[in-house]
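Work through the exercises below with the sequence and the model open. Each task is followed by a solution in steps.

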Amino acid sequence: MFEDKTLVCKECGKEFVFTAGEQEFYASRGFENEPQRCKACRDARKNGGAHTGTRTMYEATCAACGKVARVPFQPREDRPVYCSDCFAKMKNQ
């Protein structure tokens, strides 16, 4: 029923094959759109684009316990920031 299709990646412009097996998987999950990116570009996107693996960390004071917390986002004054321990406690409640 399904046949391999050659598609063009919208990210890098290279051709890639959308295999019959992948099409069957997509159909079984109810996906109606074909992939728009090749596997390499999908993987790079999942890993944060052209990331080198290093992440900028910011220091903030935990709103619950007052300890210094290191977070991967720029803290804002109008939003509380929690350390890992306090965040986990709140998540489990």
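**Exercise 1.** Is valine 8 buried or exposed? State also where in the secondary structure valine 8 lies and what it touches.

*Solution.* The model is predicted.
- Step 1: the relative accessible area of valine 8 is 52%.
- Step 2: the cut-off for exposed is over 50%, so valine 8 is exposed.
- Step 3: valine 8 belongs to strand 1, which covers residues 5-8.
- Step 4: leaving aside residues up to four places away in sequence, valine 8 touches Gly13, Lys14, Glu15, Phe16 and Gln36.
- Step 5: phenylalanine 18 is 10 residues from valine 8 in sequence, and the C-alpha to C-alpha distance of the two is 9.9 Å.

**Exercise 2.** Classify the burial of phenylalanine 18 and of phenylalanine 25.

*Solution.*
- Step 1: phenylalanine 18 has 4% relative accessibility. Buried means under 20%, so phenylalanine 18 counts as buried.
- Step 2: phenylalanine 25 has 39% relative accessibility. This value falls between the cut-offs of 20% and 50%, so phenylalanine 25 counts as partly exposed.

**Exercise 3.** Find how many aromatic pairs there are, and give the geometry of the pairs that involve tyrosine 26 with phenylalanine 18 and with phenylalanine 25.

*Solution.* A pair of aromatic rings is described by the distance of the centres and the angle of the planes.
- Step 1: rings pair if their centres lie within 6.5 Å; by this rule there are 3 aromatic pairs.
- Step 2: for phenylalanine 18 and tyrosine 26, the ring centres are 5.1 Å apart and the planes stand at 70°. An angle over 60 degrees counts as edge-to-face, so this pair is edge-to-face.
- Step 3: phenylalanine 25 and tyrosine 26 also form an edge-to-face pair, at 6.5 Å centre to centre and 70° between the planes.
- Step 4: ring pairs join Phe18, Phe25, Tyr26 and Phe31 into a cluster.

**Exercise 4.** Describe the secondary structure of the protein chain and decide how its spread compares with a compact globule.

*Solution.*
- Step 1: the protein chain has 3 helices and 4 strands, in the sequence pattern β-β-α-α-β-β-α.
- Step 2: its radius of gyration is 21 Å, while the globule rule gives 12 Å for 93 residues. The value is well over the rule, so the protein chain is more spread out than a compact globule.
- Step 3: the C-alpha trace spans about 60 × 30 × 20 Å along its principal axes.
- Step 4: buried residues make up 18% of the 93 residues.
- Step 5: of the contacts with a separation of 6 or more, 17% are between residues 24 or more positions apart.

Terms used. Residues are numbered from 1 along each chain as its sequence is written. This is a predicted model: local features need pLDDT of at least 70, side-chain atom pairs count only at pLDDT 80 or more; totals for chains, interfaces and linings use all residues. Side-chain values use heavy atoms; hydrogens and water are left out. Rings of Phe, Tyr and Trp (its six-membered ring) pair if their centres lie within 6.5 Å; planes under 30 degrees apart count as stacked, over 60 as edge-to-face and the rest as tilted. Buried means under 20% relative accessible area, exposed over 50%, partly exposed in between (1.4 Å probe, protein chains only). Helices (H or I, at least four residues) and strands (E, at least two) are DSSP runs, numbered from the N terminus. The radius of gyration is taken over C-alpha atoms; the globule rule is 2.2 Å times the number of residues to the power 0.38. Contact means heavy atoms within 4.5 Å.
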